[in-house]
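Colleague: Please examine one part of this model closely, namely the region that a sequence database marks as a domain in the first chain. Please then set that region in the context of the rest of the assembly.

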There are 2 protein chains.
Amino acid sequence: MDNRITILDTTLRDGTQGEGVSLTVEDKLKIAKRLDMLGISFIEGGWPGSNHKDAEFFIRARELNLQQARITAFGSTRRKNIPAEHDANLRQLLDIRVGTAAIFGKSWDFQVQTAIQTTLFENLNMIEDTVRFLKRSGIGVIYDAEHFFDGYKSNRAYAMSTIRKAYEAGADWVVLCDTNGGTLPHEIAAIVASVKEQLDCPLGIHAHNDCELAVANTIAAVMAGAAQVQGTINGYGERCGNANLISVIPNLQLKLGLPVITAEQLAGLTSTARYVSEIANMHMPVNQPFAGHAAFAHKGGVHVSAILRDSSTYEHIAPGLVGNRQRVLVSELSGQSNLVFKAQELGLELEANDPNTKILIERVKELEHQGYQFDGADASLELLIRSVHGNLEEILTLESFKITVVKSVDQAILSEAVVKVKVHGESVYNAAEGNGPINALDNALRKCLMQHYPSLQTMHLSDYKVRVLDDKDGTATKVRVLIEFSDREETWSTVGVSENIIEASWQALCDSIRYALLDVKPALNKRAEGAKEAVGLVNH
Amino acid sequence: MDNRITILDTTLRDGTQGEGVSLTVEDKLKIAKRLDMLGISFIEGGWPGSNHKDAEFFIRARELNLQQARITAFGSTRRKNIPAEHDANLRQLLDIRVGTAAIFGKSWDFQVQTAIQTTLFENLNMIEDTVRFLKRSGIGVIYDAEHFFDGYKSNRAYAMSTIRKAYEAGADWVVLCDTNGGTLPHEIAAIVASVKEQLDCPLGIHAHNDCELAVANTIAAVMAGAAQVQGTINGYGERCGNANLISVIPNLQLKLGLPVITAEQLAGLTSTARYVSEIANMHMPVNQPFAGHAAFAHKGGVHVSAILRDSSTYEHIAPGLVGNRQRVLVSELSGQSNLVFKAQELGLELEANDPNTKILIERVKELEHQGYQFDGADASLELLIRSVHGNLEEILTLESFKITVVKSVDQAILSEAVVKVKVHGESVYNAAEGNGPINALDNALRKCLMQHYPSLQTMHLSDYKVRVLDDKDGTATKVRVLIEFSDREETWSTVGVSENIIEASWQALCDSIRYALLDVKPALNKRAEGAKEAVGLVNH
């Protein structure tokens with residue numbers, strides 16, 4: 001057995017128990033793909049017994065073609081006083097044909113008597129029967145010992161007997177849970193070490209952040225012998241959340257030198273954190289360790305002058321190791337390498353000394369200052385890079401639009417948009433209805449373009465998100481709109497920022513269409529294609 | 001010497017080095033008063049040598065009449081190669097007549113040579129001269145050993161010699177700083193214990209959160225012998241922030257049993273955290289440990305049915321100890337028990353057998369199926385419960401609205417709303433402009449109500465979120481809008497769902513205003529108040 005640490009991500013299950021976190025099946029599938037890319041071993045997708053949405057996820061997840069991650073279903077030990085094979089929730093685990101199940105059971109005598117109101121003896125039977133039933137059915141079992149640390153402090157012998165039962169019944173992993181998040185690192189260290197002495201089995205740790213100690217508790221458990229870590233991206237989860245894998249992983253790998261994921265995967269850590277926060281539409285604190293925008297941002301004057309001499313004076317790791325970057329909040333030094341890297345990703349050569357590169361960096365910084373964010377809007381960034389660098393022809397320019405939304409009591413709401421744009425220099429005027437103002441705008445705009453670009457018919461808006469950027473002036477503050485479009489082959493995201501939600505949406509909408517037209521020949525002339533060849537763009 | 005832990009709060013100094021944190025002198029004075037009430041011993045108010053604002057704070061702070069806290073100024077050791085009495089920054093400390101100074105100096109050989117570019121010997125002189133100069137001038141000295149842990153790992157003998165110099169020169173405290181936040185708890189524990197053996201002096205700890213370990217590092221240091229803790233409210237600070245005192249204090253007091261502040265002061269912890277976040281205009285994460293709105297919020301159905309039997313099943317401490325409270329979130333993960341509990345929280349009796357309860361549960365389920373989400377929309381849920389149960393009078397009904405948004409190239413976008421509503425049965429018609437369609441709607445709607453309810457002027461929109469609910473049908477899919485309003489005392493959230501973003505926003509907007517009016521007497525008649533009394537509502 002090597003010293004590799006196995007990660008179980010429960011963003012899709014425990015993560016959704018956090019206030020404000022709500023994920024559609026589509027969201028969950030996207031996140032699962034991303035977790036697989038990050039190198040996660042087990043993805044706990046939900047509790048199929050508890051709701052239909054979770055059951056649907058497991059069925060659709062089979063088609064994800066994951067590289068290494070194993071989709072895992074969450075479930076409970078059987079109900080008291082019935083055989084495991086009659087338990088509807090356990091039967092459902094079989095129905096959805098999942099390969100691994102994470103089964104939680106009680107370890108704390110107080111919980112057995114208070115929460116599920118049965119005998120200590122029956123609880124042991126529940127654990128044993130459940131694990132045996134699943135293992136006999138060919139399902140791998142991760143046994144989550146709920147409230148283990150509280151249970152161990154209350155009745156050590158009983159807590160031990162529950163996990164011994166699970167392991168003897170065939171559980172592949174025994175995971176010790178600090179369900180209430182109230183345990184301190186030195187207690188975690190002592191109890192895990194003591195368990196390790198008493199029961200020789202693969203141990204895991206599941207920590208909650210109620211004392212702001214989930215990451216520390218996780219590290220303490222690993223140092224005491226736990227080889228599986230459970231947590232969530234950005235620490236989402238019930239109450240104060242779960243152990244934040246975005247902090248746990250680099251701590252284990254870079255500080256303790258334990259292998260967890262590859263160096264390339266680790267360099268995707270920041271973008272994964274931001275991607276999941278966008279999908280979940282959860283605000284990411286700027287000061288989030290490792291992945292936050294301010295995690296390597298220097299503001300103090302003493303700090304800034306020192307990092308100019310040597311970054312390690314005020315940085316505990318090189319930001320690039322986790323895919324983040326240094327920022328200097330009062331100077332103009334940041335970002336170049338990041339943009340060069342990004343351009344390479346898009347197949348565009350960007351020389352660091354090229355004056356256009358400097359113009360581009362200034363432009364990106366200025367837009368970020370205004371509230372634009374390109375982490376979740378690659379297509380807008382690509383347009384920006386191309387426009388600064390390649391004299392990208394503007395096929396589309398706005399002349400005017402007018403939106404009307406009318407609602408009377410008990411009548412359906414009506415949304416109409418009138419759009420006047422120039423397409424290849426020629427004015428086009430059109431109107432359309434829609435299910436809302438943005439949909440009406442989208443319909444009217446595409447009507448203007450459809451003659452030249454019939455292929456636009458295949459693209460459709462697949463996500464739309466709005467966020468207020470600061471709350472100083474009420475409704476009059478800026479909003480950021482992120483729009484995602486998809487066609488049969490590709491998905492792309494764009495961003496718009498304005499005090500006016502319609503204007504921000506318009507910007508993002510136009511970017512989406514400009515991006516869609518990058519690879520398309522107009523039906524009536526070749527101008528767009530010609531322009532594209534002239535600037536040496538690489539198709540993607 | 002008793003085992004009381006001394007707290008130094010540096011929200012007003014290191015806290016303001018966090019991105020987005022900016023405090024006026026007035027803000028700082030307000031926060032200082034509040035910190036004193038909380039029982040903080042030292043309030044580090046700023047760096048008078050670095051800017052005028054900080055110098056002004058120290059002058060005005062003399063009139064604060066604090067109960068126990070000592071205002072402390074931050075500063076550096078003297079510049080290299082000059083006498084301490086010629087150092088302008090040190091002279092300023094004398095000029096502002098502060099009683100205590102926190103002076104930082106270098107402990108790390110690498111930093112001495114790279115950042116301040118002097119000899120190891122001169123650095124020792126700088127420390128000695130500075131401490132002696134201040135002590136001779138009657139100023140108490142807290143010596144902050146910057147980068148101590150990195151220094152200790154790099155050159156143990158030199159790091160020790162720096163703090164020995166400070167202590168021998170008369171420093172009252174020696175504070176070991178993990179300036180880059182890269183040290184792990186087991187390293188902190190070992191190094192503090194080792195320092196304690198080598199130098200018998202009052203030790204403190206100053207931790208940063210770059211590894212999400214600042215709270216754990218602080219606890220580890222205290223357990224190893226540190227008696228002073230430095231940190232900030234809500235963990236504000238450079239890069240990822242400082243040790244969060246809102247978590248450190250209850251951990252030390254409730255978990256380790258160390259006296260820090262009184263029980264009454266501890267019960268003011270949550271309100272202090274929220275007060276400071278308001279003053280600093282920083283969004284407070286709902287899941288912040290101890291003080292967050294969701295710190296004791298239960299969403300999973302299993303959790304909720306258990307806490308109804310006994311709160312300690314899923315709560316590590318009684319929320320009231322830190323001035324927070326238990327909440328139950330109503331979501332698709334939850335069952336009937338959540339709703340019954342929620343109603344109790346609102347002061348409404350909801351019997352499980354009552355037919356109205358069944359109607360309510362069906363209604364909530366139906367709305368959730370349509371895409372409503374109540375775990376982030378307490379106010380909408382309260383209106384729903386009241387309307388099913390209490391014949392809540394509808395003060396406000398819609399007759400019609402019309403929104404127009406017009407944009408021409410290079411002209412500012414114009415948004416206008418015309419609203420016709422019934423207020424207490426009387427038609428009111430009004431129009432307003434706004435920075436966007438929602439702002440225009442809000443303005444027009446409030447104009448309609450302002451005559452009867454002038455108090456609505458104080459409420460303002462503090463957050464606005466939109467998300468698409470599923471992406472099967474492009475822009476024509478449903479959107480969910482979450483709106484948060486605040487007034488001087490309270491914050492409340494509402495939800496709206498529709499295929500049309502304007503209609504969804506309208507619903508959430510109306511709910512916000514209906515909720516705001518629950519406690520308000522109309523200026524012209526008493527009808528709303530009468531209705532409220534009729535259904536036996538409890539003011540909140």
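Modeller: Helices are taken here as DSSP runs of H or I of at least four residues and strands as runs of E of at least two, both numbered from the N terminus. The model is a predicted one. The region in question comes from UniProt, where an unreviewed entry places the feature "domain: Pyruvate carboxyltransferase" at residues 5–267 of chain A. In the model, residues 5–267 of chain A are 43% helix and 17% strand, and the C-alpha atoms at the two ends of the span lie 18 Å apart.

I begin with the barrel. Eight strands of chain A form a closed barrel in the order 1-2-3-4-5-6-7-8, with parallel pairing. On average, neighbouring strands of this sheet are turned by 25 degrees against each other, direction ignored. Strands of a sheet pair through backbone hydrogen bonds, in either the parallel or the antiparallel sense. One of the pairs in the barrel joins strand 3 (residues 70–76) of chain A to strand 4 (residues 100–106) of chain A; these run parallel and share five bridges. Within strand 4 of chain A, the residue opposite A:Thr72 is A:Thr100. Helix 2 (residues 52–61) of chain A packs on this sheet, where it touches strand 2 (42–46) and strand 3 of chain A, and its direction makes about 140 degrees with that of strand 2 of chain A. Helix 5 (residues 120–136) of chain A lies across strand 4 and strand 5 (140–146) of chain A, and it runs at about 175 degrees to strand 4 of chain A.

Strand 6 (residues 173–178) of chain A merits particular attention. Six of its six residues are buried, so strand 6 of chain A is largely enclosed by the rest of the structure. In a regular strand, side chains alternate between the two faces of the sheet. In strand 6 of chain A, A:Trp173, A:Val175 and A:Cys177 point one way, while A:Val174, A:Leu176 and A:Asp178 point the other way, and all are buried. The pairing of strand 6 of chain A with strand 5 of chain A is parallel and extends over four bridges, and A:Val174 in strand 6 of chain A is the bridge partner of A:Tyr143. Strand 6 of chain A also pairs in the parallel sense with strand 7 (residues 203–207) of chain A, over five bridges; there A:Leu176 has A:Ile205 of strand 7 of chain A as its bridge partner.

As for the chain as a whole, chain A has 19 helices and 16 strands, and 56% of its 540 residues are buried. Of the contacts in chain A with a separation of 6 or more, 67% are between residues 24 or more positions apart.

Farther along the same chain, helix 17 (residues 437–450) of chain A packs against helix 18 of chain A at an angle of about 35 degrees, with their axes 11 Å apart. The crossing of helix 17 of chain A past helix 18 of chain A is right-handed. Among the residues that make this contact are A:Leu441 and A:Leu445 of helix 17 of chain A and A:Trp506 and A:Leu509 of helix 18 of chain A. By class, the contact has nine nonpolar, one polar and one charged residues.

The assembly also contains a sheet that spans both chains. This open sheet of six strands has the order 13(A)-12(A)-11(A)-11(B)-12(B)-13(B), with antiparallel pairing. Strand 13 (426–434) of chain A and strand 13 (426–434) of chain B stand at the edges with a single partner strand each, so one side of each has no neighbour in the sheet. Its neighbouring strands are turned by 10 degrees against each other on average, direction ignored. Helix 18 (residues 501–516) of chain A lies across strand 11 (396–408) of chain A together with strand 11 of chain B, at about 130 degrees to strand 11 of chain A. Helix 18 (residues 501–516) of chain B likewise touches strand 11 of chain A together with strand 11 of chain B, its direction making about 130 degrees with that of strand 11 of chain B.

Taken over the whole interface, 100 residues of chain B are in contact with 99 residues of chain A. Strand 11 (residues 396–408) of chain B gives the most to the side of chain B that touches chain A, with 11 residues. That side of chain B has 40 nonpolar, 37 polar and 23 charged residues.

Conventions. Residues numbered from 1 in each chain as written. Chains lettered and ligands numbered in written order. Predicted model: local features only at pLDDT ≥ 70, side-chain atom pairs only at ≥ 80, totals over all residues. Contact = placed C-beta atoms within 7 Å. Nonpolar A, V, L, I, M, F, W, Y, C, P; charged D, E, K, R; others polar. Pairing = 2+ DSSP bridges. Axes fitted to C-alpha atoms, helices over the stretch in contact; angles between N-to-C directions. UniProt positions renumbered as here; feature names shortened; annotations may be inferred. Left-handed = near helix turned anticlockwise from the far one by under 90°. Buried ≥ 20, exposed ≤ 12 C-beta atoms within 10 Å, placed from the backbone.
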